[in-house]
Amino acid sequence: MTLDGDLARFSRGWRGPALAALIAFLAGLPGLLAVPPLDRDESRFAQATAQMLESRDFTVIRFQEAPRFKKPVGIHWLQAASVSLFSNPEDREIWAYRIPSLLGAMLAAAACAWGAAGFFGAPAGLLAGAMLGTTFLLSTEALIAKTDAVLCGTTTLALAALARLYAEARAEDGQGPPAGKRAWLLFWIGLSVGTLDKGPVAPMVAALTIASLCLMDRKAAWLGRLNWVWGLIILVAICGPWAWAVTVATDGGFWSAALGGDLAPKLAGGQESHGAPPGYHTLLSPILMFPMTLLLPAAAVTAWKRWREPGVRFAIAWLVPTWLVFEALPTKLVHYTLPAYGAVAWLAAAALLQPLGGKTRWTGAALAGFFGVALAGGTFYLVKAYGDASDLAFAIPTAILLAAAGLGGGYLLVRKAPAQAVVAAVGLGLAGHAALAAGLAPRLNPLWLSSRVEKVMAKAQLLPEQGIADAPVTVAGYAEPSLVFALGTPTELAGPEDAAQAIYEHRPAVVEQRQEVAFEQALAVYRARTHLVGTVKGLDYSDGKKMTLRIYEAAPGSPQAPDQ
């Protein structure tokens, strides 16, 4: 298999981006369907969207009664559209809230392939899109109902369109193909939707790329192709109406909270215990980019030696300043650098156009093999920590696939078959991630406390949506958003006295064992008696605490509040 041979027929025209999107779809879909709602961000986003649909207020974002003034509304609108089309808020089906994230990952892969094809040819573009779509980080974000996969998709689309215009500007030298009449429009749409999704990140990446290119080229005439007047009109038309509406609805409170309460602390220090020194993202990149890890040394060599080539130069301008900004920020989360992953995929694909040196091949093979085996070992750690012997039936195939992606890809790379190495690593890595997300992860019961509580209550017909037990459910000692999403918006997160009052009012209560003594004392005051419906033990992985949750209902004949 060569870039000019077997891959060519799969990557002509629209086929390359479409196939890259399909690969990203296959990488994200299994986990999207199988993994229970995650804490904390995913369940907060999903619950806020559910409340939008319940209240029909699509301007102000809320989690229960508290305003959630951190991110713009874009992801909530996309999730609301998805839930309206495929489900409804009462069913609390998390997969419906995740569809925009999967589509964002598909868009990222397709845009990556399209942009890279303008510089390196359609076969290399297809491989770039496939590598991006199957990276461990993006294929995981594709199954999480929050902003980051959509941000990656919209930012990559904007940068790919910008790159096609940059390539077109160099066509007079015989170095670039036509961009197409709609490239400028795609740039502004990607930038605008990315802004509505996660604020300044997409504009920042685009601005840093443009500034870097202008400095390296010492000319900026090609930027006139962006059609700035109409582009800014599009940006205002997409982002302006909500920005104005939320300003009026909150009397400016959204902006003071979003900028002063969320963005500023991230710039000033490690917010919410997420601080880390510079180099954090770089150290994690080999595992988060797996199986593209195989070509990371080749990508670095390509950037160093071939920086004068237009496509390589554009990728450097996209990658380096964005990466440095996120490394310099005191607050660091693993997904922050995701909008720059497309640039790495471009450099990796560009490396395949020329023979790779021996040191580059061996270094890439060693990295891929090491991290493939490390991921395989991680599956057995998960079973040991959170599973049992029966889970080995899922852990073993997962470990084999992940190790094979690294070791098999590395073997082919060393044997001077880089295109085959990438195809093998991508295919095996995709299968390994699917086995992990859809096969092993859902079986690790201690991690899914809220989902298991919901099942126990559903079996006992205590869920508010079933219309039998009185609502709301009161929860003492456990306040994760996933339980609110599971039990419904009115769920009361309170103390043991409130849980006792719920029993007195013949409503269900969930009590963590640390609150049991106070709960029993409060019950004695009400002279209420309980019936233990079930016990759920596990780990609150958000804070690392072991939990024992007991689900109670009022015992038959228990005293009842006068108005019940």
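# A tour of the cysteines, rings and helix contacts

Select Cys239: its sulfur lies 18 Å from the closest cysteine sulfur, in Cys152, too far for a bond. The model is a predicted one. Check the surroundings of Cys239 too: at 14% relative accessibility, the residue counts as buried.

**Stop 1: the other cysteine to check.** Move to Cys112. Its closest cysteine sulfur is also in Cys152, 8.6 Å away, and that is too far for a bond. A disulfide would need the two sulfur atoms within 2.5 Å. Cys112 is buried, at 0% relative accessibility. How many disulfides does a search of the whole structure find? The result is zero.

**Stop 2: a neighbour of Cys112.** Select Thr156, in helix H8. This threonine is buried, with 0% relative accessibility. Show its contacts, leaving out residues up to four places away in sequence: Ala108, Ala111, Cys112 and Trp318 appear. Keep Trp318 displayed for the ring cluster below.

**Stop 3: aromatic pairs.** Now show the rings of Phe, Tyr and Trp. The count comes to 21 aromatic pairs. Start with Tyr166 and Phe314. Their ring centres are 5.8 Å apart and their planes meet at 45 degrees, so the pair is tilted. Tyr166 belongs to helix H8 (residues 148-169) and Phe314 to helix H15 (residues 310-328); the pair links distant parts of the chain, 148 residues apart. Are these two rings buried or exposed? Tyr166 is buried, at 2% relative accessibility. Phe314 is buried as well, at 0%.

Next, select Trp323 and Tyr341. This aromatic pair is stacked, with 6.4 Å centre to centre and 20 degrees between the planes. Trp323 sits in helix H15 and Tyr341 in helix H16 (residues 341-351), so the pair ties together parts that are 18 residues apart in sequence. Trp323 counts as buried at 10% relative accessibility. Tyr341 is buried too, with a relative accessible area of 1%.

**Stop 4: the ring cluster.** Return to Tyr166 and Phe314 and widen the selection. Which residues do ring pairs link into a cluster? Add Phe119, Phe120, Trp222, Trp318 and Trp346 to Tyr166 and Phe314, and the cluster is on screen. Trp318 is the residue that Thr156 touches.

**Stop 5: a loop threonine.** Select Thr135. It lies in the loop between helix H6 (122-133) and helix H7 (136-141). Is Thr135 buried or exposed? It counts as buried, at 0% relative accessibility. Beyond residues up to four places away in sequence, Thr135 touches Leu288, Met289, Phe290, Met292 and Tyr341. Tyr341 is the stacked partner of Trp323.

**Stop 6: a charge over a ring.** Select Arg68 and Phe45. The charged end of Arg68 sits over the Phe45 ring, 5.0 Å from the ring centre.

**Stop 7: two packed helices.** Finish with helix H14 (residues 296-305) and helix H17 (residues 358-386). Their axes are 7 Å apart and they pack at an angle of about 140 degrees. H14 and H17 are therefore oblique to each other; the roughly antiparallel class begins over 145 degrees. Now show the side chains in the contact. H14 contributes Pro297, Ala298 and Val301. H17 contributes Thr360, Thr363, Gly364 and Leu367.

Key
Residues are numbered from 1 along each chain as its sequence is written. This is a predicted model: local features need pLDDT of at least 70, side-chain atom pairs count only at pLDDT 80 or more; totals for chains, interfaces and linings use all residues. Side-chain values use heavy atoms; hydrogens and water are left out. Buried means under 20% relative accessible area, exposed over 50%, partly exposed in between (1.4 Å probe, protein chains only). Rings of Phe, Tyr and Trp (its six-membered ring) pair if their centres lie within 6.5 Å; planes under 30 degrees apart count as stacked, over 60 as edge-to-face and the rest as tilted. Helices (H or I, at least four residues) and strands (E, at least two) are DSSP runs, numbered from the N terminus. A charge sits over a ring if NZ of Lys or CZ of Arg is within 6 Å of the ring centre and within 35 degrees of the ring normal. Axes are lines fitted to C-alpha atoms, for helices over the stretch in contact, and angles run from 0 to 180 degrees between N-to-C directions. Angles under 35 degrees count as roughly parallel, over 145 as roughly antiparallel, 65 to 115 as roughly perpendicular and the rest as oblique. Contact means heavy atoms within 4.5 Å.
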